[in-house]
Amino acid sequence: MSLIKLSICIATYKRGNYIGQTLDSLISQLRDGVEVVILDGASPDNTEEVVRGYADIYPAIRYIKASKNSGVDADYDLAISYAQGEYCWLMTDDDLFSPDAVSTVFESLDGKKDLIVINTEIRDVSLSKILISKNMDIKKDCEFDKVFDSQFVLRALNHLSFIGAVIIKKTRWLERDRASYYGSLFIHIGVIFQNPILEKIKIIAKPLVTIRYGNAMWTARSFEIWMFMWPKLIWSLPLKDISNIEEICPRRYHLSIKKILEFRALGAYGINEYKKHYKNLRPGFKKIIIKTAALIPIIAINAFAGAYCLLLNRRAKLAIYDFARTKDSNFFSKTASKIVNGCF
């Protein structure tokens with residue numbers, strides 16, 4: 001048997017209903033030089049039973065169950081520590097591999113590249129409807145000398161919020177600070193964008209993973225994550241000299257009235273979020289608007305958001321899909337989603 005070239009590292013927690021589908025999309029692609037490492041963060045459901053069923057049949061699949069859940073960041077770090085491959089693919093536990101994902105990646109593992117970023121397709125939670133056919137709108141593979149290349153950051157930074165897009169050389173992962181990013185929910189971003197600089201980067205244009213959109217376990221915390229945690233992380237990294245970084249990830253994203261209203265339409269922003277994040281904001285007109293937004297009836301702002309997107313912003317497919325899936329969705333948001341995405 002050949003040496004392990006690629007370790008597919010999956011950190012999982014309470015995904016017994018989904019991880020089997022992930023593995024089903026992968027097992028036909030297993031080959032010499034590829035292993036699957038599944039780190040279970042002490043799932044209380046049937047995740048262990050499901051995964052062991054595959055591990056008993058396929059020797060390339062290794063299952064490790066932790067004694068406690070240490071959080072997604074620490075669990076991915078631990079999964080990589082068990083990996084034997086030269087490269088580690090940090091895959092998710094509810095999404096699917098495309099039929100040629102492993103072979104396509106395998107062809108790029110030349111030992112010289114530090115990082116490979118794969119493109120993705122985004123579907124609805126049932127996987128029946130395509131919402132975005134290519135999350136990175138690029139036509140062909142491209143390569144960069146270093147991770148701090150402004151063109152790489154422009155094309156890939158927001159896409160990299162999805163950890164399943166990351167394939168990194170194991171030695172480069174282990175030589176870098178990881179513990180500082182435990183609890184950030186995006187340990188891979190902290191690892192990628194730090195010194196020593198990662199070199200020889202490749203983006204694969206073809207979507208190799210199908211994302212099951214809307215199934216994230218942290219959806220209830222989405223306002224705090226995207227308005228505060230993500231921008232704080234990005235602006236803590238040595239990216240300030242990258243051209244257009246303010247456009248890619250505004251530093252004061254949490255003060256965007258448009259985004260606050262969007263989260264209100266989703267039912268993710270309300271008076272509790274206002275008290276937690278904005279109560280001590282300096283008095284002024286903006287603070288009044290932010291507080292008012294927390295009090296607008298969700299059903300009204302949801303209807304407005306659905307109608308607005310349908311009439312003026314049909315390209316916002318993911319937002320339209322989200323508006324239609326909230327418990328306060330209505331005719332306008334559901335109609336918009338049905339017309340634009342074919343959902344509902």
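Ring pairs join Phe 223, Phe 228, Phe 263, Tyr 269 and Tyr 278 into a cluster. Rings of Phe, Tyr and Trp (its six-membered ring) are paired here if their centres lie within 6.5 Å, with planes under 30 degrees apart counted as stacked, over 60 as edge-to-face and the rest as tilted. The model is predicted, so local features need pLDDT of at least 70 and side-chain atom pairs count only at pLDDT 80 or more, while totals for chains, interfaces and linings use all residues. Residues are numbered from 1 along each chain as its sequence is written, and side-chain values use heavy atoms, with hydrogens and water left out.

## Aromatic pairs

The structure holds 17 aromatic pairs. In one of them, the ring centres of Tyr 213 and Tyr 321 are 5.8 Å apart and the planes stand at 50°, so the pair is tilted. Tyr 213 belongs to the loop between strand E10 (199–212) and helix H8 (222–236), and Tyr 321 to helix H14 (residues 317–325), so the pair ties together parts that are 108 residues apart in sequence. Helices (H or I, at least four residues) and strands (E, at least two) are DSSP runs, numbered from the N terminus. Tyr 321 is buried, at a relative accessible area of 2%. Buried means under 20% relative accessible area, exposed over 50%, and partly exposed in between (1.4 Å probe, protein chains only).

A charge is also placed over a ring: Arg 31 lies over the face of Phe 106, at 3.9 Å from the ring centre. The criterion is NZ of Lys or CZ of Arg within 6 Å of the ring centre and within 35 degrees of the ring normal.

## Helices H8 and H3

H8 has 15 residues and reaches 20 Å from its first C-alpha to its last, close to the 21 Å expected at 1.5 Å a residue; the expected span is 1.5 Å times one less than the number of residues. H8 bends by about 30° at Met 229, and Pro 231 follows within four residues. The bend is the angle between axes fitted to the seven residues ending at a position and the seven starting there. Among the buried residues of H8 are Phe 223, Met 229, Trp 230, Pro 231 and Trp 235. The buried residues of H8 pack against H7, H9, helix H10 (257–265) and helix H11 (271–277), where contact means heavy atoms within 4.5 Å.

In helix H3 (residues 72–82), the buried residues include Asp 73, Asp 75 and Asp 77, together with Tyr 76 and Ile 80. The buried residues of H3 pack against strand E1 (6–12), strand E2 (34–40), strand E4 (87–91), H6 and H7.

## Buried contact sites

Val 102 is found in helix H4 (residues 101–106) and counts as buried at 0% relative accessibility. Beyond its neighbours within four places in sequence, Val 102 is in contact with Ile 8, Leu 26, Gln 29, Arg 31 and Val 34. The C-alpha atoms of Val 102 and Ser 28, 74 residues apart along the chain, are separated by 9.9 Å.

His 159 is in the loop between helix H5 (150–156) and strand E9 (166–169) and is buried, with a relative accessible area of 5%. Outside its neighbours within four places in sequence, the contacts of His 159 include Val 117, Asn 119, Asn 135 and Met 136.

## Backbone geometry

The peptide bond from Asn 195 to Pro 196 is cis, with omega near 0°; Pro 196 lies in the loop between helix H7 (187–192) and E10. Leu 185, which is not a glycine, has a positive phi of about 75° and lies in the loop between helix H6 (170–174) and H7. Asn 244 likewise has a positive phi, near 70°, in the loop between H8 and helix H9 (245–248). Asn 244 is partly exposed, with a relative accessible area of 39%.

## Salt bridges

Side chains of opposite charge can pair when their charged atoms come close. The structure holds 18 salt bridges, each defined as a side-chain nitrogen of Lys or Arg within 4 Å of a carboxyl oxygen of Asp or Glu. Some of them are tabulated below.

| Salt bridge | Closest N to O |
|---|---|
| Arg 123 and Glu 121 | 2.9 Å |
| Glu 175 and Arg 176 | 3.8 Å |
| Glu 224 and Lys 276 | 3.4 Å |

Glu 224 lies in helix H8 and Lys 276 in helix H11, so the pair ties together parts that are 52 residues apart in sequence. Glu 224 is partly exposed at 21% relative accessibility, whereas Lys 276 is exposed at 57%. Salt bridges that share partners join Asp 114, Arg 172, Glu 175 and Arg 176 into one network. Within that network, Glu 175 is partly exposed at 43% and Arg 176 is buried at 4%.
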